[in-house]
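Dear colleague,

Please find below the structure that I am handing over to you, together with its sequence. My notes on it follow.

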Amino acid sequence: MILLDTGYRGAELATELDCLSVQLLVRLRSNRRFHFDPPPRLPGTNGRPQRHGAEFSCARPDTRPAPDSEVSLDSDWYGKVTIRAWRNLHQQLTRRSSWWSDWPEDTPLPIVRGTVLHVQVERLPHGGGTERDLWLWHLGPQPADPVLLWMAYMRRFDQENFHRFVKGHLGLGAARLDAAEAVDRWIALVLAAYTQLHLARHLVDDLRRPWQACPPLGTTLSPYRVRLGFRRFRAKLPAITKPPKPRPAGPGRPKGSRNGPKHPRPTYRPPTSPCHPE
């Protein structure tokens, strides 16, 4: 499953990946428009067959008929979540786009049908407004569960924040490694450090910066906030490695050795000039 943000062209990517068994899930802008399939052609109708049917606009509720499926669930972070799905919708592609400029003139542009998902939530975890709904477009070898698609897209934000954190604060991209084995070991060390921060989220104090807001009581600290207070907590932990064993001093230089102390080199002084005697 390929998860993409707004700005990526789902229909174009689906055309390029037609030979692969992959699923595309793309976030849509709130002003995107789609079309249903045209009605069946009546016998005896003249003219060119119609390729696009009724319009479906994400910004106009009056163009959206009853969904093919609708499901509601309760989430701890988002409250009541309602997911509606309309299947077999496609976009009206044009040759003005740079992607389709090289398409053969005698061949019509493809019709890429997918599923449009509309997600409405009761609240957001950070307390922001819910005026803007989430629109998704899915295309795969077979229809997928709308709830599973929404949960998969929510995981996309977790993955992006994880990669940004381990690159910026744990040094994932700081090492310049040539061997693949060294890269695997470095990634394992970074994941171990991230796991330490995750396990210590209930043990460290919240040492926030002066410009950071105080989290509500009972809120789990993020790995970034845990990292700020982990230095104090690490000083209280027992040592993982043992100190080296005490050893007596060496016997020194053996008697009769010819390797005596070396004399220091003489200091270089420039030769005196007759015009400037010492």
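**Aromatic pairs, cores and the largest pocket**

Helix α4 (residues 223-235) holds both Phe 230 and Phe 233, which are three residues apart, about one turn of the helix. Please bear in mind that the model is predicted. The rings of Phe 230 and Phe 233 form a tilted aromatic pair, with 6.0 Å from centre to centre and 55 degrees between the planes. Phe 230 counts as buried at 11% relative accessibility, and Phe 233 counts as buried at 19%, the cut-off being under 20%.

Over the whole structure, the search finds 10 aromatic pairs. One of them joins Tyr 78 and Trp 150: the ring centres are 5.7 Å apart and the planes stand at 75 degrees, so the pair is edge-to-face. Tyr 78 belongs to the loop between β5 (69-75) and β6 (79-89), whereas Trp 150 belongs to helix α2 (residues 146-168); the pair therefore ties together parts that are 72 residues apart in sequence. Tyr 78 has a relative accessibility of 15% and counts as buried; Trp 150, at 6%, also counts as buried.

Ring pairs also link Phe 36, Phe 56, Trp 86 and Trp 135 into a cluster. In addition, Arg 156 places its charged end over the ring of Phe 157, 5.1 Å from the ring centre.

Turning to the nonpolar cores, the largest has 19 residues, and those with the most contacts inside it are Leu 28, Phe 34, Phe 56, Leu 89, Val 116, Trp 135 and Trp 137. Two or more residues of this core come from each of α1 (10-16), β2 (24-27), β6 and β8 (134-139). Beyond its neighbours within four places in sequence, Val 116 is in contact with several residues, including Leu 28, Phe 34, Phe 56, Arg 84, Trp 86 and Leu 136. A second core, separate from the largest, has 14 residues, among them Ile 83, Leu 134, Leu 136 and Tyr 153.

Finally, the largest pocket contains about 1800 Å³ of space. It is lined by 42 residues, of which Trp 77, Tyr 78, Pro 125, Asp 158 and Asn 161 are the closest to its centre. Tyr 78 thus appears both in this lining and in the edge-to-face pair with Trp 150. At least two lining residues are supplied by each of β5, β7 (114-121), α2, α3 (180-199) and α4. Helix α2 gives the most to the lining, with 11 residues.

With kind regards

Technical notes:
Residues are numbered from 1 along each chain as its sequence is written. This is a predicted model: local features need pLDDT of at least 70, side-chain atom pairs count only at pLDDT 80 or more; totals for chains, interfaces and linings use all residues. Side-chain values use heavy atoms; hydrogens and water are left out. Rings of Phe, Tyr and Trp (its six-membered ring) pair if their centres lie within 6.5 Å; planes under 30 degrees apart count as stacked, over 60 as edge-to-face and the rest as tilted. Helices (H or I, at least four residues) and strands (E, at least two) are DSSP runs, numbered from the N terminus. Buried means under 20% relative accessible area, exposed over 50%, partly exposed in between (1.4 Å probe, protein chains only). A charge sits over a ring if NZ of Lys or CZ of Arg is within 6 Å of the ring centre and within 35 degrees of the ring normal. A nonpolar core is a set of buried Ala, Val, Leu, Ile, Met, Phe, Trp, Tyr and Cys residues joined through side-chain atoms within 4.5 Å. Contact means heavy atoms within 4.5 Å. On a 1 Å grid over the protein atoms alone, a cavity is a set of points where a 1.4 Å probe fits but cannot get out, and a pocket is an open set with protein on both sides within 12 Å along at least five of seven lines; lining residues have an atom within 4 Å of a point. Grid points are joined across faces, edges and corners, and a volume is the space filled by probe spheres set on the points.
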